[in-house]
Amino acid sequence: MNKNSDMLRALFPIIGLALVFIIFNILTSGSLIAKLPLVLSQIYIIMISATGVFFIMSTGGLDFSQGSILGMASIIVCILSKINIPLAILGGILTGALIGAFNGFFYVNRKIPSFIVTICTMFLLRGFIKFFTTNAPVSASIDIVTLDSPTLKFCFTILVVLIGFVVFRFTKFGKYLKAIGAGEKATMFAGIRTDKMKFLLYVIAGAITGFAAFI
């Protein structure tokens, strides 16, 4: 009975969201469904970025700079897309990874709390983004528009979330993350290099957000 009640309690928010969607769709004569692709296009980006942040939060860390990483990586993707699309994707991922490494260095090596480091990075990157976009928006290659497919976005999102789920649930890496979140000192005494793991998490989270910038 406890398991069933816990499952029902967990499903209540989803059921409530579904009911709200149905009610508003009826009240708006179906216009909500017509706008669904636009809503989903924003969800894809958030879900991909949230996958990396989920890893960080599972260890007890925070990252407030993801939005700014997304903006900075998007600028790099736009600039490099005029040369080559694969290069633009790689550039976005590397940009995110480098910024993540910056966050990880000050959090792990300098022992500055993660929320302070990432808030500072957020405002720093916002300044760069405003500088690059003050005179005019940063344009991208027309080839990017041809790849703007809901099916492609959906497939990439499912792939990233699925890989994240498998890594967290079934791999040694995921077990280490859960162990760090449960007790970092005990995990460290067990022989796991917790500092290395936490640094790697910020690099991975930044790289995933850099990929989301392409989406």
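**Exercise 1. Describe the order of the secondary-structure elements along the chain, and then its overall extent.**

Step 1. Read along the sequence, the elements follow the pattern α-α-α-α-α-α-α-α-α-α-α, which corresponds to 11 helices and 0 strands; here helices (H or I, at least four residues) and strands (E, at least two) are DSSP runs, numbered from the N terminus.

Step 2. The model is a predicted one, in which local features need pLDDT of at least 70 and side-chain atom pairs count only at pLDDT 80 or more, while totals for chains, interfaces and linings use all residues. Residues are numbered from 1 along each chain as its sequence is written, and side-chain values use heavy atoms, with hydrogens and water left out.

Step 3. Taken along the principal axes, the C-alpha atoms of the chain fill a box of roughly 60 × 55 × 30 Å.

Step 4. Of the 215 residues in the chain, 35% are buried, where buried means under 20% relative accessible area, exposed means over 50%, and partly exposed lies in between (1.4 Å probe, protein chains only). Among the contacts in the chain with a separation of 6 or more, 73% come from residues 24 or more positions apart, a contact being heavy atoms within 4.5 Å.

**Exercise 2. Work out how helix 11 packs against helix 4 and against helix 5.**

Step 1. Helix 4 and helix 11 pack at an angle of about 55 degrees, and their axes are 8 Å apart; axes are lines fitted to C-alpha atoms, for helices over the stretch in contact, and angles run from 0 to 180 degrees between N-to-C directions. Helix 4 is therefore oblique to helix 11, since angles under 35 degrees count as roughly parallel, over 145 as roughly antiparallel, 65 to 115 as roughly perpendicular and the rest as oblique.

Step 2. The crossing of helix 4 and helix 11 is right-handed, a term used if the near helix is turned clockwise from the far one by less than a right angle, with anticlockwise giving left-handed. On the side of helix 4 the contact is made by Q66, I69, L70, A73, S74 and V77, and on the side of helix 11 by A205, G206, T209, G210, A212, A213 and F214.

Step 3. Helix 5 and helix 11 pack at an angle of about 150 degrees, with their axes 6 Å apart, so helix 5 is roughly antiparallel to helix 11. This crossing of helix 5 and helix 11 is right-handed.

**Exercise 3. Find how aromatic rings are paired in and around helix 11.**

Step 1. A search of the whole structure finds 10 aromatic pairs; rings of Phe, Tyr and Trp (its six-membered ring) pair if their centres lie within 6.5 Å, and planes under 30 degrees apart count as stacked, over 60 as edge-to-face and the rest as tilted.

Step 2. The pair of Y107 and Y202 is edge-to-face, because the ring centres are 5.5 Å apart and the planes stand at 65 degrees. Since Y107 lies in helix 5 (residues 85-109) and Y202 in helix 11 (residues 194-214), the pair ties together parts that are 95 residues apart in sequence. Y107 counts as buried at 15% relative accessibility, and Y202 counts as buried at 3%.

Step 3. F211 and F214 form a tilted aromatic pair, with 6.4 Å from centre to centre and 40 degrees between the planes. Both F211 and F214 lie in helix 11, 3 residues apart, which is about one turn of the helix. F211 is buried at 14% relative accessibility, and F214 is buried at 13%.

**Exercise 4. Decide whether S81 and K111 are buried or exposed, and place each one in the chain****.**

Step 1. S81 lies in helix 4 (residues 66-81) and is buried, with a relative accessible area of 2%. Not counting residues up to four places away in sequence, S81 touches A88, A140, S141 and I144.

Step 2. K111 is found in the loop between helix 5 and helix 6 (114-133) and is exposed, with a relative accessible area of 57%.

Step 3. Most residues other than glycine have a negative phi. K111, although not a glycine, has a positive phi of about 60 degrees.
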